[in-house]
Amino acid sequence: MDHGPATEWKEDAKTSKIKSKIGIWMFLGYTVVYAIFIIFNVASPKLMGLDIGMVNLAIVFGFGLIVLALVMAVIYNALCGWAEEKALKLEKLRVHKDRMEHKDYQEHKEHGEV
Amino acid sequence: MKYDPSVWAIIIFISFVALVLYISWYFAKRTKTAEGYFAAGGKIHWSINGIAFAGDYLSAASFLGIAGMIAIAGYDGFLYSIGYLAGWVVALFVVAEPIKRLGKFTFADALDAKFNSRGIKLTAAISTLVVSLFYLIPQMVGAGTLVTPLLGMPHWVGVLIVGTVVIIIVATAGMASTTYVQFIKGGLLLIFSLALVITLFSRGFSTAPDQGGNIEYHQFTTIPITVIGENIEVTDKSYAVSEQWTADNKGKTLVFAELSKDSVKSIWKLDAEKNILEETLYVTTLPDGKKLYNGGTIDEAKFYQVGNLLDIEGKAPAKTKTLDPLTFFGVIKNSTVLLWSKQAIKDNDRTLTIYYQNPVKGAEVLKPGRIYKLDSAIGGTLKDRLDFISLMLALFLGTAALPHILIRYYTVASPIAARKSTIVAIAAIGLFYVLTLYMGLGAMTGGVVDLTNDNMSAPLLARSFGVIFFAIISAVAFATVLGTVSGLIVASSGAVAHDIMDKYMGKKMTDRKKVAAGKIAAVAVGVIAMVLGILFKNMNVSYLVGWAFSIAASANLPAILMILFWKKTTAKGVIASISVGLISALTLILLSQKTFNEVYNLPNVVAPVQINNPAIFSVPLSFLVLIIVSLFTRPKTSGTDAIPATKIPKIEGKPAEENR
């Protein structure tokens with residue numbers, strides 16, 4: 001009985017699909033924030049000069065976009081890692097189950113029950 | 001202005017080149033296979049690859065160009081930092097893992113993984129070469145521009161040095177040596193940029209920045225006058241008005257006067273409200289091409305470094321104590337910054353470029369508006385807004401479509417490593433881009449700006465902290481050029497040897513022959529880059545990088561995204577999309593007003609295309625063409641073309657954990 005790559009392919013494709021969905025949603029989320037930044041600049045340039053403590057909205061938004069990219073990148077990595085771990089656990093469980101079944105089969109065979 | 005070559009700069013530069021050559025020699029012995037040459041054997045650790053990404057991506061345009069633009073125009077230069085960094089989000093969330101899964105050596109591999117189409121291979125290779133060329137020229141010109149002031153050598157020597165070193169790096173060990181050169185460069189750039197900003201905070205601001213006591217700040221003077229009719233008369237009779245010019249600057253009339261005193265000439269700008277003349281700085285271009293700086297030769301050093309706060313929070317003269325990242329902005333916001341504007345005047349057979357004082361409130365330089373006129377109250381038009389949106393779109397979508405960035409995904413072992421290396425890259429590049437705002441504003445207010453070469457703002461800011469610092473930052477600037485040019489040449493070499501010769505022409509080369517072809521291609525592209533770097537010497541080419549992003553975003557990104565996420569995409573759709581994106585972006589660029597003004601040198605001719613950044617038209621067009629052509633060329637039998645986008649080659653048959 002072969003527990004090799006063919007089955008792993010299926011699992012990996014499923015995980016890839018989940019990760020791909022996470023990526024697209026996060027990409028869309030960031031794109032919305034980036035688009036708001038552009039719209040603010042174009043539609044209301046004066047707003048970018050709005051005082052926020054020692055800085056202004058332009059600097060907060062600009063630095064914010066850079067920091068947001070990093071924060072979202074870390075979250076994305078964690079979510080992907082979670083999806084991969086889950087897939088890996090399921091895979092280990094399946095392999096373990098298959099081995100057990102195989103072992104039972106062998107034992108039954110040895111006892112002449114098959 | 002004149003720069004004295006620094007012995008330390010030469011020593012540090014030579015040491016760096018020696019280190020780079022040693023790395024190339026070391027890896028050359030280990031690079032025998034095509035995978036080793038084009039993808040460093042796929043064995044680079046993700047953390048090293050992440051910093052190498054930063055080394056590859058942070059080109060001279062980022063380090064020298066953005067800091068210089070901020071030093072001259074304030075926040076508008078920082079918009080490039082934001083756009084360049086935002087592009088990495090597209091790379092991480094959408095492109096990184098699939099590209100690694102689908103490709104082998106070049107991004108054409110990934111595009112073609114599903115179709116095995118010669119047309120895709122050829123168009124993707126041509127697109128790679130065009131984008132890389134647009135990127136290479138400013139890097140090579142930048143190398144020449146740097147070598148003149150720093151090492152005291154002619155421009156062509158700089159181009160030749162960088163070209164030769166890069167050819168050695170790439171032709172010996174390809175991607176392996178390139179990766180480690182980029183890793184070292186990326187690391188050095190981050191460390192010394194951070195050090196520069198920390199020393200900037202510790203120095204604080206002064207209304208008379210004296211570069212740490214080394215160079216006294218030139219206090220610009222004014223002269224009282226009376227204006228009779230259209231003629232200027234100077235109250236101090238030791239001055240005589242020898243010439244007077246008026247110039248139109250976007251509807252605003254500017255008046256300049258040339259004064260003589262003791263046979264020494266100087267140019268002044270009229271402030272009609274205050275009835276004074278303000279001192280200017282000017283460059284005279286003579287009929288034979290020679291240039292005079294404030295009336296003297298470059299060796300006479302009459303042209304001053306500028307940039308300071310006229311008052312600090314309403315007080316002058318004044319000085320601050322040590323600053324922190326927030327008070328740095330707070331002080332600028334509540335002070336007045338002395339910026340400089342430029343006006344060209346044609347006077348008989350000489351051309352005058354006059355730089356005149358333009359004091360603005362600090363709050364104004366900390367928000368957009370000095371380059372991109374988005375506010376209609378200051379003359380912003382629809383065209384200006386479209387140009388701005390187009391630029392931000394190109395920067396956002398261009399990064400994930402740059403061939404020399406995409407090939408770095410093949411140097412790591414797995415898609416997971418590709419993802420992790422992108423996160424390291426975002427952290428490193430994000431930190432650097434935050435620092436660019438401090439470096440640029442520090443130069444703007446630190447009395448270090450050379451108005452004739454704003455690209456030198458960051459190195460000159462470093463020089464104000466001592467010659468060693470200057471030497472290190474200059475060597476890092478050289479390394480910046482070396483790292484990026486190496487990546488571009490590897491990408492071009494792969495396009496020629498792997499995509500065109502091996503795959504498109506079907507030469508069926510052995511691994512050994514493919515490596516040899518790659519090396520020959522690297523030498524050829526390197527030589528072409530050197531020739532172009534020398535030919536384009538006098539051209540303002542910094543905007544070519546922005547155009548490379550537009551072309552990449554138009555030609556490559558629609559194809560990459562649609563192949564990954566639209567099952568109905570066909571090979572003909574991809575070919576049409578790349579071709580139309582490439583041709584439309586190039587055509588719009590070549591017919592734009594900026595190209596007419598700065599490349600063809602036709603400033604008085606109205607160009608057919610008024611917008612300067614094509615992405616807003618060419619990117620949607622490329623998507624549209626791909627969709628239409630794909631729908632019309634779908635195979636009649638369902639299923640033959642509709643390979644699911646998620647069907648992905650297995651990762652060496654290992655579970656995910658083992659591929660990290």
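In this predicted model, Pro558(B), Ala559(B) and Met562(B) of helix α18(B) are in contact with Val619(B), Ser622(B), Phe623(B) and Leu626(B) of helix α21(B). Sorted by class, the residues of this contact between α18(B) and α21(B) comprise 6 nonpolar and 1 polar, with no charged residues. The points below take up the geometry of this helix pair, then helix α21(B) itself, and then chain A and its contact with chain B.

**How α18(B) and α21(B) cross**

- Helix α18 of chain B covers residues 557-565 and helix α21 of chain B covers residues 615-632, and the two pack at an angle of about 40 degrees with their axes 9 Å apart.
- Because an angle of about 40 degrees falls neither under 35 degrees, where a pair would count as roughly parallel, nor in the range 65 to 115, where a pair would count as roughly perpendicular, α18(B) is oblique to α21(B).
- The crossing that α18(B) makes with α21(B) is right-handed.

**Helix α21(B) and its surroundings**

- For the 18 residues of α21(B), a rise of 1.5 Å a residue leads one to expect a span of 26 Å, and the end C-alpha atoms of the helix lie 25 Å apart, which agrees.
- The buried residues of α21(B) are Ala615(B), Ile616(B), Ser618(B), Val619(B), Leu621(B), Ser622(B), Phe623(B), Val625(B), Leu626(B), Val629(B) and Ser630(B).
- Within chain B, the buried residues of α21(B) pack against α11 (382-398), α17 (543-555) and α19 (571-590), as well as against α18.
- As general background, an α-helix has 3.6 residues a turn, so residues three or four places apart point the same way.

**Chain A on its own**

- The secondary structure of chain A consists of 2 helices and 2 strands, and these follow the pattern α-β-β-α when read along the sequence.
- Chain A has 114 residues, of which 26% count as buried.
- When contacts in chain A between residues at least 6 apart in sequence are considered, 68% of them join residues at least 24 apart.

**Where chain A touches chain B**

- The contact between the chains draws 45 residues from chain A and 46 residues from chain B.
- On the side of chain A that touches chain B, at least two residues each are supplied by α1 (5-43), β2 (55-56) and α2 (57-110) of chain A.
- Helix α1(A) gives the most to this side of chain A, with 19 residues.
- By class, the side of chain A that touches chain B is made up of 28 nonpolar, 10 polar and 7 charged residues.

Methods
Residues numbered from 1 in each chain as written. Chains lettered and ligands numbered in written order. Predicted model: local features only at pLDDT ≥ 70, side-chain atom pairs only at ≥ 80, totals over all residues. Axes fitted to C-alpha atoms, helices over the stretch in contact; angles between N-to-C directions. Helix = DSSP H or I, 4+ residues; strand = E, 2+ residues; numbered from the N terminus. Parallel < 35°, antiparallel > 145°, perpendicular 65-115°, else oblique. Left-handed = near helix turned anticlockwise from the far one by under 90°. Contact = placed C-beta atoms within 7 Å. Nonpolar A, V, L, I, M, F, W, Y, C, P; charged D, E, K, R; others polar. Expected span 1.5 Å × (residues − 1). Buried ≥ 20, exposed ≤ 12 C-beta atoms within 10 Å, placed from the backbone.
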